[in-house]
Amino acid sequence: MAFKALVRVAGLDLPEPSTYSGNTATLVDSGRNVQGELIASVIREDVAKVEMTWNYLTAQQWATINKKFSGKHGGSFVNDVTFYDQTSGDWITRRMYVSDRSAGMWRRDPTNGNILGWIGCKLSLIEV
């Protein structure tokens with residue numbers, strides 16, 4: 001059976017994440033009237049956010065993922081992202097941007113200074 005990535009960014013199948021969290025937001029313009037009652041209008045429904053972590057990625061895997069979001073490395077801040085959506089219960093593709101990325105150094109080769117891998121790699125993708 002072929003591998004189906006849980007998340008695909010601009011044609012790149014991301015490695016299977018260690019954790020995956022989906023968030024669906026409804027954007028609302030709201031306030032209270034003089035009686036204290038809610039006055040609200042839904043601006044936009046079903047705005048998706050996907051959060052992922054990887055316990056460990058090689059230095060090359062993490063760099064490849066990060067380059068997808070860097071214009072100076074041939075990527076883009078906003079990309080087409082295909083993921084399993086909790087609201088529709090199906091695979092969808094949305095335009096998403098990336099939040100801050102973080103990871104901790106796992107080990108470094110002291111002879112040449114190269115980083116060998118990363119632990120606790122984390123990123124979030126948010127629909128535009």
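Here is a walk through this predicted model, from its strands to its core and then to one aromatic corner. Residues are numbered from 1 along each chain as its sequence is written. Local features need pLDDT of at least 70 and side-chain atom pairs count only at pLDDT 80 or more, while totals for chains, interfaces and linings use all residues, and side-chain values use heavy atoms, with hydrogens and water left out.

Let's start with β8 (residues 115–127). Helices (H or I, at least four residues) and strands (E, at least two) are DSSP runs, numbered from the N terminus, and two strands pair if DSSP finds at least two bridges between them. Strand β4 (residues 38–58) runs antiparallel to β8, joined to it by nine bridges; Leu 57 has Trp 118 as its bridge partner there. Strand β7 (residues 102–108) is also antiparallel to β8, with five bridges, and Gly 104 stands opposite Ile 119. These two strands, β7 and β8, make a hairpin with six residues between them, and Gly 113 in the turn has a positive phi of about 85°. Strand β6 (residues 90–98) pairs with β8 too, antiparallel and over three bridges, with Tyr 97 facing Ile 126.

Now for the inside. What is the size of the largest nonpolar core, and which residues have the most contacts inside it? It has 20 residues, and the best-connected are Val 7, Met 52, Trp 54, Ile 65, Phe 83, Leu 123 and Leu 125. A core here is a set of buried Ala, Val, Leu, Ile, Met, Phe, Trp, Tyr and Cys residues joined through side-chain atoms within 4.5 Å, with buried meaning under 20% relative accessible area (1.4 Å probe, protein chains only). Two or more residues each come from β1 (7–9), β4, α1 (59–67), β5 (78–85), β6 and β8, and β4 gives the most, with five. Phe 83 touches (heavy atoms within 4.5 Å) a list of residues that includes Val 7, Val 50, Trp 91 and Met 96, leaving aside those up to four places away in sequence.

Trp 91 leads us to the aromatic corner. Rings of Phe, Tyr and Trp (its six-membered ring) pair if their centres lie within 6.5 Å; planes under 30 degrees apart are stacked, over 60 edge-to-face, and the rest tilted. That rule gives four aromatic pairs. One of them is Tyr 84 with Trp 91, edge-to-face at 5.3 Å centre to centre and 80° between the planes. Tyr 84 counts as partly exposed because its relative accessibility is 36%, and so does Trp 91, at 33%. The charged end of Lys 4 sits over the Trp 91 ring, 4.4 Å from its centre; the rule asks for NZ of Lys or CZ of Arg within 6 Å of the ring centre and within 35 degrees of the ring normal.

Note on methods
Buried means under 20% relative accessible area, exposed over 50%, partly exposed in between (1.4 Å probe, protein chains only).
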